[in-house]
Structures are given as C-alpha cells and as structure tokens.
Amino acid sequence: MKIREELVLPNGLTLPNRLAKSATSEALAGPDGLPSEALERLYARWGGGGAGLLITGNVVVDPEGRTEPGNVMLMGREALPGLRRWAEAAQRDGAKLFLQINHAGRQVSRRISHRPVAPSAVRLKKGGVLFATPSALTDAEIRELVRRYVFAAELAAEAGFAGVQIHAAHGYLASQFLSPLTNQRDDAWGGDATRRMRFLLEIVRATRAAVGDRLAIAVKLNSADFQRGGFTEEESLDVVEALDREGIDLLEISGGSYERSAMMGSEKKSTQAREAYFLDFADRVRERTRVPLMVTGGFRSAGAMEEALTSGSVDVIGMARPLIVEPDLPARLLAGRSTSALSVTPRVGIGLFDDMLQIVWFQRQLRRMGAGQPPLPDLGRWSSLVVGFARSYAFNPLTMLRRPVGLRLPADVDPVGSAS
Ligand SMILES: Cc1cc2nc3c(=O)[nH]c(=O)nc-3n(C[C@H](O)[C@H](O)[C@H](O)COP(=O)(O)O)c2cc1C
C-alpha cells in the first residue's frame, strides 16, 4: 500500500508514511500564550496514532494576530522549554512535527483586537461588527513581521521540531497579501501579482537563510479564495512556481477564508466531485512543480487516499476532522484494519452555524483530549455553538485598555532585501 511508503523531503527529512494530521487550531495555550501540558497530551496521543506527519494548529507571531483566544504565541525565548516538551511528546513514536506559523491579519475578532492590521484597510464582509476595520501595515511593520516569522522558525529548530509550515491559506495575513481583494497597495508589497507574493516569498527566503536544511519548510497555500475579483487558481499556480524557485520542502493545498469556507468543503460543486476537494487543482500544480505535495480537505476513505497517491496527484494525504474524532485512524488505515474514517459532520442545518460548528465542535474534542479524555462522537452541537461563540467573539472590554505585548527579539539585521 502506497500510504505506508516513506517520503524523503528535499531537505533530507524522512516522513515515515504518507498520512498527515493537518493543522488544527487547538486554543489550548497556557498562560501568556505558552505551550501547555494539554498540548503535550494531545500531541502524544496523535504521535502514537500512526500519522507520519503532524502539523500544529496555528502558532502566532503577535498577540494582535491571534486567530482566537488560546493560540500559542511565540514572543520570546521563554517559549523554548514548552516548545521542547511539545516536540518531544509528539515525536516520541516516530512522527515528525511541524510548527504552523501564522498571523491573523484582519481575521481577528474584536474580542482579541480592536486594532487589527492587514495589507490594506479592507474589512471582512462576513461577521459584521464582530470584526474591526484593519489599518494598513507600513513598510517597516511588514519587515518586522517577516522577522517575527523567522524568529518563530528559529525557535522551532532549536526546540527540536522537524519543520515549520508558513500559513499562507484561509484568508490570514500571508493569504491577505496574495489576494487583490485584501491587498490594494501600490508599493513594494502590492500593486500586481508579483508584488503581492513578496511577503510570503520574503518569509520563506529569510527562514531558509536562518535555518538552512535543519528544518523542513512547508507552505499551506490556497488554490483560490473563491471570491469574485479574488486570488485565482492561475495566480496560485504562479505562486507555486515562485515557491519552487525558493526551494521549499512541502506544499499543502487548501482553499477559502472566513468569507468562503472552501477548506471545509463548502465549494465542492465548483471544485470537483472527487472525495478530496482540491485534487483537480493538485493535478495542475503537479505540472508546474516537483515539490512534494500534500492535499487536505475531504479525504475519508482508504480507497480515495490510495488512488490519489498512486495516480501521482499527491505525495501526502492531509486530514484534520477525521483525526480529531479518531486519533488512531492512521494506524488502523496503515494496518488495513480500517477502510474509512467514521462519518462525523456535526450540523444543525443553518449555514453560518454549520460553518462555525466545523471548528467549535472539533475544538471541544481537542480540549477533551488535552485533558486526557477520549473524543466523544455524540458531543452536543448547540452547546458547542454557545461555548465556541462565548470563547471567540463575546465582547471583551479589556482588549480596549490592554497595551499589546511587545515582541522581545534581540537586535538583529533586517532579513528583507531591499525593495524589488
Ligand atoms: C478545529 C479545526 C481547527 C483548524 N485549525 C487550522 C489551523 O490552525 N490552521 C490551518 O491551516 N488549518 C486549520 N484547520 C483546517 C484543517 O487543517 C483542514 O484544512 C480542514 O479541516 C479540511 O480538512 P478535513 O476535511 O480533513 O477536516 C482547522 C480545522 C479544524 C476542524
């Protein structure tokens, strides 16, 4: 079976098999956004579950760039001991752990930030008053952010992670830079498709310069943002070629944003009829690059996974929701003891709520596992919506008073080259 085969990435890292747990924002950080024991327990569980690659939920480089309360934040070297324990717990049984690095940009609720930043001052269309209008980043702020991504990668290397994944999908900051809907600048960071990809490319280039081949560098990229006037498949393919030139080690394909949750299958008609949503696009990516490819979104059956691998569409099968409900599913698939994931898609029949449930219901399961309890397939839907809404969106006046915590980096050179 192809899913059992090892994969050697360009930097020399060997993944023991072709099954991966894609990123799952856990919201389980300890005080001050440091990695917690709950994360160690959760990842030890996944580490023993058979997947060859585990990618952490998004870890952010700035408190104002949190995607939700409870994100791990990498602000200084004090995160190192917790990161080390996290990496050790996850990799004890042979899985490789990648740290996903992110900044929410404008996709941050007022509960977290009243001063979001983005490439341009364009507010989210969905979510109404829950999201503030972002202010456009200055050139100096953009350079500082690149530096923070690199700092996070350096910490990950020092802590023993096998790789990092730069999150450039799902409408977060790097993805906002790529999309003409959210990047309306006309300077070195926007104005045409080449300048819109610069933020992502500078992060990748500066990270490679800092960590060399010690860390695998992966990127999660949208096939498109599925909005009129937005980031198109053609533009995405051009980004793929540019990433190929930078020499990344793994490319994960996904799609969508808060405004269009294509990553969860909502755009299935317009993508395709195969089990995984982005496989047709992956075939197009294949024509443009030899970088190992991971596709995430919709994979459930061993048959579809084998087919995608043997046809050459992908090299790694990514899954999130199935591995939250069944953390040891990969081991059973690899041993031939299961042929499919349990079919669990929590819904209440109202579009917006169903989108929310795809996160909040699963996050409650992550919280259970973090506390050492098993996932519960019949966990309440409505109660999950109430808990999730209160956690992520309930108004928090403290955010208006609180001064943002500054990053504590040693004085350093600017990793970004002169404007090009
Ligand atoms: C609870 C939850 C949290 C997620 N957090 C992240 C995240 O932090 N970063 C990311 O890139 N994707 C995140 N995703 C998206 C998944 O990585 C994946 O792209 C999506 O769930 C589709 O795959 P699936 O059909 O196998 O679940 C999350 C998904 C879920 C269910």
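User: Which residues lie nearest the centre of the second largest cavity, and what makes a residue part of its lining?

Analyst: In this predicted model, Glu-26, Ala-27, Asn-58, Asn-71 and Val-72 lie nearest the centre of the second largest cavity. A lining residue must have an atom within 4 Å of a cavity point, and 13 residues line this cavity. By class, the lining has seven nonpolar, five polar and one charged residues.

User: Why is the space of about 110 Å³ called a cavity and not a pocket?

Analyst: A cavity is a set of points where a 1.4 Å probe fits but cannot get out, whereas a pocket is an open set. The space of about 110 Å³ is the largest cavity, so its points are closed to the exit of such a probe. Its lining comprises 17 residues, with four nonpolar, ten polar and three charged by class. Helix 4 (residues 173–178) gives the largest share, three residues.

User: What makes the approach of Asn-58 to the ligand a polar contact?

Analyst: The cut-off for a pair of N or O atoms is 3.5 Å. A backbone N or O atom of Asn-58 lies 3.0 Å from an oxygen atom of the ligand, so the pair qualifies as a polar contact. The side chain of Arg-300 also qualifies, because one of its N or O atoms is 2.9 Å from a ligand oxygen atom.

User: Where does the ligand sit, and what does that placement require?

Analyst: The ligand sits in the largest pocket, which means that more than half of its atoms lie within 2 Å of the grid points of that pocket. The shell around the ligand has nine nonpolar, 13 polar and three charged residues.

Conventions:
Residues are numbered from 1 along each chain as its sequence is written. This is a predicted model: local features need pLDDT of at least 70, side-chain atom pairs count only at pLDDT 80 or more; totals for chains, interfaces and linings use all residues. Side-chain values use heavy atoms; hydrogens and water are left out. On a 1 Å grid over the protein atoms alone, a cavity is a set of points where a 1.4 Å probe fits but cannot get out, and a pocket is an open set with protein on both sides within 12 Å along at least five of seven lines; lining residues have an atom within 4 Å of a point. Grid points are joined across faces, edges and corners, and a volume is the space filled by probe spheres set on the points. Helices (H or I, at least four residues) and strands (E, at least two) are DSSP runs, numbered from the N terminus. Ala, Val, Leu, Ile, Met, Phe, Trp, Tyr, Cys and Pro count as nonpolar, Asp, Glu, Lys and Arg as charged, and the others, Gly among them, as polar. A polar contact is a pair of N or O atoms within 3.5 Å; within protein, one must be able to donate a hydrogen and the other to accept it, and residues adjacent in sequence count only if both atoms are side-chain atoms.
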